[in-house]
Amino acid sequence: MAAATAWNCVSGTSGSYNGVAISTNRGEVKATALRVGRTQMAVHEGLRVVYRCNARVIRGNRIQNVKSRKLIVCRLGMNLVFVAAECGPWSKTGGLGDVLGGLPPAMAANGHRVMTIAPRYDQYKDAWDTEVEIELKAGDKTEKVRFFHCYKRGVDRVFVDHPMFLEKVWGKTASKIYGPVAGTDYQDNQIRFSLLCQAALEAPRVLNLNSSEYFSGPYGEDVVFIANDWHTALLPCYLKNMYQTRGLYMSAKVAFCIHNIAYQGRFAFADFELLSLPDEFKSSFDFMDGYEKPVKGRKINWMKAGILESDKILTVSPYYAEELVSGPDKGVELDNIIRKTSILGIVNGMDVQEWNPMTDKFTSVKFDSTTVMSAKPLIKEALQAEVGLPVDKSIPVIGFIGRLEEQKGSDILAAAIPEFIGEDVQIIVLGTGKKAMEKQLDELEIQYPLKARGVAKFNVKLAHMIIAGADFIIVPSRFEPCGLIQLQAMPYGCVPIVASTGGLVDTVKEGYTGFQMGAFNVECETVDPADVTAIATTVTRALAVYGTPAFSEMIQNCMAQELSWKKPAKKWEEVLLSLGVEGSEPGIEGEEIAPLAKENVATP
Ligand SMILES: Nc1ncnc2c1ncn2[C@@H]1O[C@H](COP(=O)(O)OP(=O)(O)O[C@H]2O[C@H](CO)[C@@H](O)[C@H](O)[C@H]2O)[C@@H](O)[C@H]1O
Ligand SMILES: OC[C@H]1O[C@H](O[C@H]2[C@H](O)[C@@H](O)[C@@H](O[C@H]3[C@H](O)[C@@H](O)[C@@H](O)O[C@@H]3CO)O[C@@H]2CO)[C@H](O)[C@@H](O)[C@@H]1O
């Protein structure tokens, strides 16, 4: 066993252990510090990351087993600040909120100090006023923002309070985060998200956070910011222009993660004046396209600037990373920019506490891989009864859950249903979004009363019932950066039928854990007849396997996978460490610090 670098036992049973290695019940750890009890760790050569575990302390040729739950092995770790417009469960329109809910606790579990910063859209009952108020520039005005805070699952959850967030969304639903209705944006979104980025840069310096048993005081300046999607693209610009020019945050770095390149934040070129940035940044924002919206011709493009000004560009699956640089169609005209910077894809994890068939609070029967074959038919009957379809456990049921936008291909599915509905099958479609697509859902029941149901609602309970009771989940996306639905479905033995795009390629193996339909036409204005045929033929193929031993095997393959945030978090750690922020060190392998907090669940 290798000797560890300097480490220290701050208090408790055993004195000082300088210069030894320890092995823990989570594998060998080269400890850089050791702590016993709740005593706040005195910073020892900058070491402050702590973790509960049992440990075997090896001192020369003597091995000492220390079985205290209070024993904490410490390594340096990193200070991580995630910034986003959504943060589940407090705010969510879709997968972005889920990622901000799940990845930060997984990073904290590995011993890093982790903060998320998102707007305060509502009077969250678990987040308290820190009474820290700062003044920020917003266009030609000065605005005061306050920070609210709570500490959950090992993460400092920080919420930026300003009427531009709270007044617009409070009392309404989380789908109003970006605009009054799907497809329409608030006029002042640029000011709103400029405030978010500026506040995010202040938070690590001004907030004196002490809720954690393991950390205290402000995060300081040696931090990695993880900016997510276009709303946070100003952050690297402000970091350079407002701080580093003053000698602040000199070693801080920004990783920019693209969750969906379809939304880039394109605005009139003249709006650059609103951003409180000097002209030297103009070229990073400068963008020409052939579209008339929001204005004809030259524009600013927030995401382009975020990509160019950040230190590392990531996205949410390796295959999507390839698609983004493949050409203007899939890179949505930023392919040339991303080719310059390069990009890395890490597949998302999913919330294994919420999506667990053994503990699911929305299903009457709990199951695992040994009981799935007898449990699923019972849940299927409950599902059929819930949506008003004929109750018959022998009929294969296909589910769809998703935002009703062209991305998700619900319009292609609607066109394909007549092609396969003659088979012995039922289909249940759940989603909200564009009104025309919601109407398509309403029509399903009229057209196929005994076979199909469309539910135009955001309904978490029904989403769980579909995933637990349906035999297949269909994901006919034109493009899909990662996709969480197929991840959520597989632990329930709900076999995915997916378009071959983005993360759906990385996470669903043809014939092993699901069925691939081939890549669809990414043109959003048309429904390509070839894609309609691909859905119909693949569904027919899947239905032919239903009920056979091969299908049981697929169910087992799906359920055997480890789809939590654990593995992705390790990959994220590797990338963020490579940015070389002062004082950063790897964490350790750990379990989540506290159970899932579900006090504020946003329902768009
Ligand atoms: N009507 C409804 N009722 C209840 N629950 C519903 C629902 N509609 C959707 N959901 C839930 O919302 C989430 C949607 O996840 P997706 O991965 O499909 O995200 P989305 O496309 O929004 O996000 C983007 O970001 C994520 C995260 O990076 C990427 O996975 C994805 O490809 C990218 O497009 C899931 O948790 C799902 O269960
Ligand atoms: O989780 C779902 C997606 O949520 C985010 O996307 C939002 C996007 O960032 C916003 O700009 C807005 O998008 C609208 C767009 O601005 C507007 O021009 C028009 O095209 O309609 C769009 C939809 O209303 O809302 C999006 C959420 O609906 C997140 O950034 C994505 O990664 C997620 O996929």
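This passage describes a parallel sheet, the helices packed around it and several unusual backbone sites in a predicted model.

We may begin with the sheet. Strands of a sheet pair through backbone hydrogen bonds, in either a parallel or an antiparallel sense. In this model, six strands form an open sheet with parallel pairing, in the order β21-β20-β19-β22-β23-β24. The edges are taken by β21 (452–455) and β24 (515–516), each of which has a single partner strand, so one side of each is left without a neighbour in the sheet. Strand β22, spanning residues 472–475, pairs with strand β23, spanning residues 495–498, in the parallel sense over four bridges. Within this pairing, Val 475 has Val 498 of β23 as its bridge partner.

Helix α11, made up of residues 435–447, lies across three strands, namely β19 (397–404), β20 (426–433) and β21. Its direction is at about 145° to that of the edge strand β21. Helix α11 also meets helix α10 (residues 410–420): the two axes come within 10 Å and cross at roughly 25°. With angles under 35 degrees counting as roughly parallel, α10 and α11 are therefore roughly parallel to each other. Their crossing is left-handed. On the α10 side, the contact involves Ser 410, Asp 411, Ala 414 and Ile 417, which meet Met 437, Gln 440 and Leu 444 of α11. Sorted by class, this contact between α10 and α11 comprises four nonpolar, two polar and one charged residues.

Elsewhere in the chain, helix α4 (residues 235–243) offers a picture of burial. Its buried residues are Leu 235, Pro 236, Cys 237, Tyr 238, Leu 239 and Tyr 243. The elements that cover these residues include the strands β7 (79–83), β12 (224–228) and β13 (253–258). Helices contribute to the cover as well, among them α3 (189–206), α5 (282–285) and α6 (302–309). The loop that links α4 to β13 holds Tyr 249, a residue that returns below.

The backbone has some points that deserve a closer look. Most residues other than glycine have a negative phi, and most peptide bonds are trans. Against that background, the peptide bond from Gly 88 to Pro 89 is cis, with omega near 0°. Pro 89 sits in the loop between β7 and α1 (95–109). A cis peptide bond also joins Lys 293 and Pro 294, here with omega of about -10°. Pro 294 is likewise a loop residue, placed between β15 (286–288) and β16 (298–301).

Positive phi values occur at Glu 131 and Tyr 249, neither of which is a glycine. For Glu 131, phi is about 65°, and the residue belongs to strand β9, which covers residues 128–138. For Tyr 249, in the loop between α4 and β13, phi is about 50°. The two sites contrast in their surroundings: Glu 131 is exposed, with a relative accessible area of 62%, whereas Tyr 249, at 0% relative accessibility, counts as buried.

A final site brings together distant parts of the sequence. His 112 lies in the loop between α1 and β8 (113–119). With a relative accessible area of 1%, His 112 is buried. His 112 and Glu 573 are separated by 461 residues in sequence, yet their C-alpha atoms are 9.2 Å apart in space.

Technical notes: Residues are numbered from 1 along each chain as its sequence is written. Chains are lettered from A and ligands numbered from 1 in the order in which they are written. This is a predicted model: local features need pLDDT of at least 70, side-chain atom pairs count only at pLDDT 80 or more; totals for chains, interfaces and linings use all residues. Side-chain values use heavy atoms; hydrogens and water are left out. Two strands pair if DSSP finds at least two bridges between them. Helices (H or I, at least four residues) and strands (E, at least two) are DSSP runs, numbered from the N terminus. Contact means heavy atoms within 4.5 Å. Axes are lines fitted to C-alpha atoms, for helices over the stretch in contact, and angles run from 0 to 180 degrees between N-to-C directions. Angles under 35 degrees count as roughly parallel, over 145 as roughly antiparallel, 65 to 115 as roughly perpendicular and the rest as oblique. A crossing is left-handed if the near helix is turned anticlockwise from the far one by less than a right angle, and right-handed if clockwise. Ala, Val, Leu, Ile, Met, Phe, Trp, Tyr, Cys and Pro count as nonpolar, Asp, Glu, Lys and Arg as charged, and the others, Gly among them, as polar. Buried means under 20% relative accessible area, exposed over 50%, partly exposed in between (1.4 Å probe, protein chains only).
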